[in-house]
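Thanks for coming. I have one structure to go through today, and I will take the overall picture before the details. Please have the sequence and the model open.

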Amino acid sequence: MKLNQLTNEVALFELRTQIGFLLSESISDYLALTIAQLKNDKQVDLDQLSEYVAGLKILGNSDHRESLTKDDIGINPNSFKELFGLLDSITKNGKDIPKQTSEVFTALKVIAPSIFKKTRLELDVLDKGTKADKTKAINDLSAFSTKVNQLFYKIKHGASS
């Protein structure tokens, strides 16, 4: 084995470790499991999924996040620790969600009903659309999941600082 091959192997190992660590987080697990179920034509609770996706769209947008207060949704969305705790508390299967987490996403749904409705309409394709439409919606959801992973990773590092 040559030295440059060893360097590449070390880089690949570190990358696999980071990806595995990132994907072991709760919000990432939930989205990954949901996407896998959708790809395998299994039934998914689209109301819950659209509530989480809409909430994540709001929390991922810095303008929206800055306009929210603890009184509005129950946590300070500008606090890395509180935001990380919220995203980390979402279980892989979407069941047995802590009460506070459920209340935060319900509050986000009430604050921005248009985002929730638009997201729900986009996800309706997964129930009623053609095979091509479903595939496109799943690909869009996978791309969104990647963005959520990046956001979650940044928040996690901000919370530990």
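Let me begin with how the chain is connected. Among contacts in the protein chain between residues at least 6 apart in sequence, 68% join residues at least 24 apart. The model is a predicted one, and I will come to its confidence shortly.

The secondary structure is quickly told. There are 10 helices in the protein chain and 0 strands, and along the sequence the pattern reads α-α-α-α-α-α-α-α-α-α. Of the 161 residues in the protein chain, 37% are buried. The exposed surface comes to about 9,800 Å², with carbon and sulfur atoms supplying 54% of it.

Now confidence. The mean pLDDT of the protein chain is 81, and 82% of the residues score at least 70. Where in the protein chain is confidence lowest, and where is it highest? The low end is helix α1, residues 3–23, with a mean of 54, and the high end is helix α8, residues 113–123, at 92. Residues 20–24 stay under a pLDDT of 50, and for them the model has 8 contacts beyond four places in sequence. Where pLDDT is low, the predicted coordinates should not be read in detail. I will leave that stretch there.

Next, the aromatic residues. How many aromatic pairs does a search of the whole structure find? The search gives 2. In one of them, Y30 and Y52 meet edge-to-face, with 5.2 Å from centre to centre and 90° between the planes. This pair links distant parts of the chain, since Y30 belongs to helix α2, residues 26–39, and Y52 to helix α3, residues 46–60, with their positions 22 residues apart. Y30 and Y52 are both buried.

Y52 also pairs with F105, again edge-to-face, at 4.9 Å centre to centre and 75° between the planes. Here too distant parts of the chain are linked: Y52 in helix α3 and F105 in helix α7, residues 99–111, are 53 residues apart. Are Y52 and F105 buried or exposed? Y52 counts as buried because its relative accessible area is 5%, under the 20% cut-off. F105 is buried as well, because its relative accessibility is 0%. Taken together, the ring pairs join Y30, Y52 and F105 into a cluster.

One further ring contact is of another kind. The charged end of K109 sits over the ring of F116, at 4.4 Å from the ring centre.

On to the core. Which residues of the largest nonpolar core touch the most other members? In this core of 36 residues, they are I27, L49 and L108. Helices α2, α3, α6 (80–88), α7 and α10 (131–160) each supply at least two residues of the core. For L108 I can list the partners: outside its neighbours within four places in sequence, L108 is in contact with G55, I58, L59, L68 and I73.

S28 is another buried position to look at. S28 is found in helix α2, and it counts as buried because its relative accessibility is 1%. The C-alpha atoms of S28 and I90 are separated by 9.1 Å, while the two residues are 62 apart along the chain.

Now the loops, and the backbone. Most residues other than glycine have a negative phi. Which way does phi point in D41, positive or negative? D41 is not a glycine, and its phi is positive, near 55°. D41 is placed in the loop between α2 and α3. D41 is exposed, because its relative accessible area is 60%, over the 50% cut-off.

D96 is the other such residue I want to show. D96 is not a glycine either, and has a positive phi of about 55°. D96 lies in the loop between α6 and α7, and D96 counts as exposed because its relative accessibility is 73%.

K95 is also placed in the loop between α6 and α7. K95 is exposed, because its relative accessible area is 54%. The C-alpha atoms of K95 and Q48 are 9.9 Å apart, with 47 residues of separation along the chain.

To close, two points to take back to the model. Y30, Y52 and F105 form a cluster through ring pairs, and confidence in the protein chain is lowest in helix α1. That is all I have; I will take questions now.

Terms used:
Residues are numbered from 1 along each chain as its sequence is written. This is a predicted model: local features need pLDDT of at least 70, side-chain atom pairs count only at pLDDT 80 or more; totals for chains, interfaces and linings use all residues. Side-chain values use heavy atoms; hydrogens and water are left out. pLDDT is the predictor's confidence in each residue, from 0 to 100. Helices (H or I, at least four residues) and strands (E, at least two) are DSSP runs, numbered from the N terminus. Contact means heavy atoms within 4.5 Å. Rings of Phe, Tyr and Trp (its six-membered ring) pair if their centres lie within 6.5 Å; planes under 30 degrees apart count as stacked, over 60 as edge-to-face and the rest as tilted. Buried means under 20% relative accessible area, exposed over 50%, partly exposed in between (1.4 Å probe, protein chains only). A charge sits over a ring if NZ of Lys or CZ of Arg is within 6 Å of the ring centre and within 35 degrees of the ring normal. A nonpolar core is a set of buried Ala, Val, Leu, Ile, Met, Phe, Trp, Tyr and Cys residues joined through side-chain atoms within 4.5 Å. Accessible areas come from the Shrake-Rupley method with a 1.4 Å probe; for residues, only the protein chains shown count as cover.
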